[in-house]
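Please take a moment to look over the sequence and the fold shown below before reading on. The paragraphs after it are meant to be followed with the structure in view.

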Amino acid sequence: MASQNDAPIVSLLTPYKMGNFNLSHRVVLAPLTRLRSYNNLPQPHAILYYSQRTSPGGLLISEATGVSDTSQGSMNTPGIWTKDQVEAWKPIVNGVHAKGGIFFCQIWHVGRVSSSVYQPNGQAPISSTDKPLKQQMGNNGAEEPQFTPPRRLRIDEIPHIVNDFRLAARNAIEAGFDGVEIHGAHGYLLEQFMKDKVNDRCDEYGGSLENRCRFALEVVEAVVKEIGAERVGVRLSPFTEHEECGDSDPKALGLYMANALSRYNILYCHMVEPRMKNALEVVECTHSLVPMRKAFKGTFIAAGGYGREDGINAVAENRTDLVAYGRLFLANPDLPKRFGLDAPLNKYNRQKFYSSHPVIGYTDYPFLE
Ligand code: FNR
């Protein structure tokens, strides 16, 4: 791509209209758990963290945020199910809006990726199954205790969880967020239903693709009814096997969901690249997201392992509308500007991804001079 005077146009930095939102560029902040929300309460230091990563007309997705007191699997992840949590999010959202950013809240339930120490009354975590994770520690790099074997959800309990997502979405709008992203990726509760290597149910929530996707789509439907399809995105990672959650036919799963989500007219579908073995590890892979991108009618966001050049190419070749950046945005608060100038990037400090420090490895990454 070139402009009239032959200066190269950085496709990632061209404007894009996403539903009612006028984005000034295509570089999205990916959802990033940072474990700095003490007692599940978003903290004032997050105001600076998110506003540092805001540019006028830029899209930000919050770290995964719990929908209920059974949704947590780590220490110090934020929630959005209590009044105090909603109030605590408000100044953070205001900080993003003050700089002209567009802010979506990623709402999640971890399901079996949890321990009874994070559960009310020390109960077992819930899931589609009672099969425990084999590994003993979380593979997100955080220091986590042993996972506790989960309890299989009864059918009559499922509407309550759907309702928790609905209320969380309502709370997110009350906190001022522009919309929500339903976390249907990375081996957490919704994926524990969607993927056949974990879901071993024999009822209408297990077996066929239609049955396995039923729960996630019930959540989508409830959230859409509550806040409107134009404010709803969904994140999926059909190919990724994070937290031992794989599927025997990930392409069919991705296509099924892309088509189903189109029918709900949701704002965006955010998919993790097949090259992501888990949330962080890139491997060789011949699959692509293009069939899902073609099947989904709304805005498509691709994520996982992107740098400047392949992000530019993906947008220029229309393989995606937007690109979400995780680690590079974590370490480069002014990432869109650096991409525009092709400036050098700060290196991320993996040791500090999940520390609870309110500044170090969080808000101390330098901006360009
Ligand atoms: C993540 N990732 C992630 N994904 C998600 O859907 N919700 C989350 O809360 C988190 N949390 C999280 C924390 C940290 C510290 C990292 C590094 C990653 C995955 C993330 O959104 C993204 O998909 C991956 O980082 C891969 O993209 P990059 O980093 O290669 O651009």
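What follows moves from one helix and its partner to the nonpolar cores and then to a serine in a loop.

The model is predicted, so local features need pLDDT of at least 70 and side-chain atom pairs count only at pLDDT 80 or more, while totals for chains, interfaces and linings use all residues. Residues are numbered from 1 along each chain as its sequence is written, and side-chain values use heavy atoms, with hydrogens and water left out.

A good place to begin is helix α3, residues 158–174, where helices (H or I, at least four residues) and strands (E, at least two) are DSSP runs numbered from the N terminus. At 1.5 Å a residue, the 17 residues of α3 should span 24 Å (the expected span being 1.5 Å times one less than the number of residues), and this agrees with its end C-alpha atoms, which lie 25 Å apart. Just after α3, glycine 176 adopts a positive phi of about 105 degrees.

The buried residues of α3 (buried meaning under 20% relative accessible area and exposed over 50%, partly exposed in between, with a 1.4 Å probe and protein chains only) are Ile158, Ile161, Val162, Phe165, Ala168, Ala169, Asn171 and Ala172. They pack against several elements, among them α2 (83–98), β6 (102–108), β9 (179–184) and α5, contact here meaning heavy atoms within 4.5 Å.

With α5 (residues 209–227), α3 packs at an angle of about 35 degrees, the axes being 9 Å apart; axes are lines fitted to C-alpha atoms, for helices over the stretch in contact, and angles run from 0 to 180 degrees between N-to-C directions. Residues that make this contact include Phe165 and Arg166 of α3, and Phe215 and Glu218 of α5.

Helix α5 also gives the most to the largest nonpolar core, with 10 residues. That core, a set of buried Ala, Val, Leu, Ile, Met, Phe, Trp, Tyr and Cys residues joined through side-chain atoms within 4.5 Å, has 81 residues, and Phe215 and Leu261 are among those with the most contacts inside it. Leaving aside neighbours within four places in sequence, leucine 261 is in contact with Leu217, Val220, Val234, Leu236, Ile266, Cys269 and Phe296. Another core, of 16 residues, lies apart from the largest one and includes Met18, Leu59, Ile301 and Leu322.

Finally, serine 248 sits in the loop between β10 (232–236) and α6 (250–263), and it counts as exposed because its relative accessibility is 56%. Not counting residues up to four places away in sequence, serine 248 touches Asp196 and Lys197.
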